[in-house]
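Colleague: I have the model open at my bench and would love a close look at one part of it, the places where aromatic rings meet. Please walk me through them slowly, and then help me place them in the rest of the fold.

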Amino acid sequence: MRELYNTVMRSMILKHSTEQVACSTLAGEFLYGKETLQKSSYHLVFNSVDTTKFIENYDKKETGEFCDDGWVNVLHVGRVTAVKNQLFLVKMAAEFKARGDKVRILCAGNGDKEYMEQVQNAIQEGELSDYMKMLGVRDDIDVLMRKSQAFVLPSQYEGMPLVMIEAQASGLPCIVANTFSHEVDYDIGTVKWMELNDSATAWVDAVQEAVLKNRAEKERVVCAIQKKGFDSRMFAKTICGIYMEPM
């Protein structure tokens, strides 16, 4: 049934649209088919965020919560669901504990109640409350990123994750699952792509290597944002241009 719906949907879109826009090549192939991606009416316009708060405060040293207590912070941001795979983060937290490393995973986001309970129970059963903090919904993600030394995203599937654009705009080393478009990568050496079937030990090894690195140079980050169009103002200009062109 889903396959039939997708086929009909694609046919209707192509019949009634004059321009086709996608946020990634994978999304474009799914929505329009590979043939359409070669046409002049097709536009690849990456997802974007307001990068101002990340760039303007790039070198700001944060204080307070989760700071200066001897712990290394590794940030995860995402809806708490099986697709986002937070139970795998629990396995990583257990490995940090087993190694005696003072590394904690800050997990921001709410989500599916049943899955949330599974994650919280796993943390409690493993006595991992010091190693993995469930923060709920936060409105200070940029601050949390400046308080962290790495970002981790073991999702089973993503489209073009905005949080990856934000994490890289903060200069954070990112350890992420190889389950979504590499077009989100700034290509400045800050992203480590991992396989989901890699062990938690392998992921922890990658995190430990990442936290030893310095943040990316601000100038390289700014150049990457401009080159790929990851800022929302650039996105708006591009979209407006597509709408105005036929007129």
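Modeller: Happy to. Let us first agree on what a ring pair is: two rings of Phe, Tyr or Trp, with the six-membered ring standing for Trp, are paired if their centres lie within 6.5 Å. Planes under 30 degrees apart make the pair stacked, planes over 60 degrees apart make it edge-to-face, and the rest are tilted. Please keep in mind that this is a predicted model.

With that rule, a search through the whole structure turns up 6 aromatic pairs. Take Phe88 and Trp203 to begin with: their ring centres are 5.3 Å apart and the planes meet at 75 degrees, so this pair is edge-to-face. Phe88 belongs to helix H4 (residues 86-99) and Trp203 to helix H8 (residues 200-210), so the pair ties together parts that lie 115 residues apart in sequence. Both partners are hidden from solvent, if we take under 20% relative accessible area as buried. Phe88 has a relative accessible area of 9%, so it is buried. Trp203 is at 0%, so it counts as buried too.

Now turn to Tyr186 and Phe230, an aromatic pair with 5.4 Å from centre to centre and 20 degrees between the planes, which makes it stacked. Tyr186 sits in the loop between strand E7 (174-177) and strand E8 (191-194), while Phe230 sits in the loop between helix H9 (218-228) and helix H10 (232-244), so here the pair ties together parts 44 residues apart in sequence. Tyr186 and Phe230 are both buried. There is a further ring to find here, because ring pairs link Phe46, Tyr186 and Phe230 into a cluster.

Strand E7 gives us a good way to walk on from Tyr186. On the other side of that strand in sequence is Ser170, which lies in the loop between H7 and E7. Ser170 is buried, since its relative accessibility is 3%. Leaving aside residues up to four places away in sequence, Ser170 touches Phe54, Tyr58, Met145 and Arg215. Gly171, just after H7, has a positive phi of about 80 degrees.

Helix H7 itself (residues 162-169) deserves a moment: 7 of its 8 residues are buried, so the helix is largely enclosed by the rest of the structure. The buried ones are Val163, Met164, Ile165, Glu166, Ala167, Gln168 and Ala169. Let us pick out Met164, a residue of H7, with a relative accessibility of 0%, so it counts as buried. Met164 touches Phe151, Leu153, Cys174, Val176, Phe180, Val184 and Val191, again without counting residues up to four places away in sequence. If you measure from Met164 to Ser24 on your screen, you should find 14 Å between the C-alpha atoms, although 140 residues separate them in sequence.

Two more residues are worth a click for their backbone. Most residues other than glycine have a negative phi. Phe66, however, has a positive phi, near 65 degrees, and Asp68 has a positive one as well, near 55 degrees. Phe66 is placed in the loop between helix H3 (52-55) and strand E3 (72-77), and Asp68 is found in the loop between H3 and E3 too. Their surroundings differ in exposure: Phe66 is buried, with a relative accessible area of 14%, whereas Asp68 is exposed, at 67%.

Stepping back to the whole fold, you can count 10 helices and 8 strands. The radius of gyration is 20 Å, close to the 18 Å that the globule rule gives for 247 residues, so the protein is as compact as a globular protein of that length. Its C-alpha trace spans about 60 × 45 × 30 Å along the principal axes, and 48% of the 247 residues count as buried. Among contacts with a separation of 6 or more, 68% are between residues 24 or more positions apart.

If you would like one more stop, try the largest pocket, with a volume of about 260 Å³. Its lining has 16 residues, and those nearest the centre are Lys61, Glu62, Arg146, Lys147 and Gln149. By type, the lining divides into 9 charged, 4 nonpolar and 3 polar residues.

Notes
Residues are numbered from 1 along each chain as its sequence is written. This is a predicted model: local features need pLDDT of at least 70, side-chain atom pairs count only at pLDDT 80 or more; totals for chains, interfaces and linings use all residues. Side-chain values use heavy atoms; hydrogens and water are left out. On a 1 Å grid over the protein atoms alone, a cavity is a set of points where a 1.4 Å probe fits but cannot get out, and a pocket is an open set with protein on both sides within 12 Å along at least five of seven lines; lining residues have an atom within 4 Å of a point. Grid points are joined across faces, edges and corners, and a volume is the space filled by probe spheres set on the points. Ala, Val, Leu, Ile, Met, Phe, Trp, Tyr, Cys and Pro count as nonpolar, Asp, Glu, Lys and Arg as charged, and the others, Gly among them, as polar. Helices (H or I, at least four residues) and strands (E, at least two) are DSSP runs, numbered from the N terminus. Buried means under 20% relative accessible area, exposed over 50%, partly exposed in between (1.4 Å probe, protein chains only). The radius of gyration is taken over C-alpha atoms; the globule rule is 2.2 Å times the number of residues to the power 0.38. Contact means heavy atoms within 4.5 Å.
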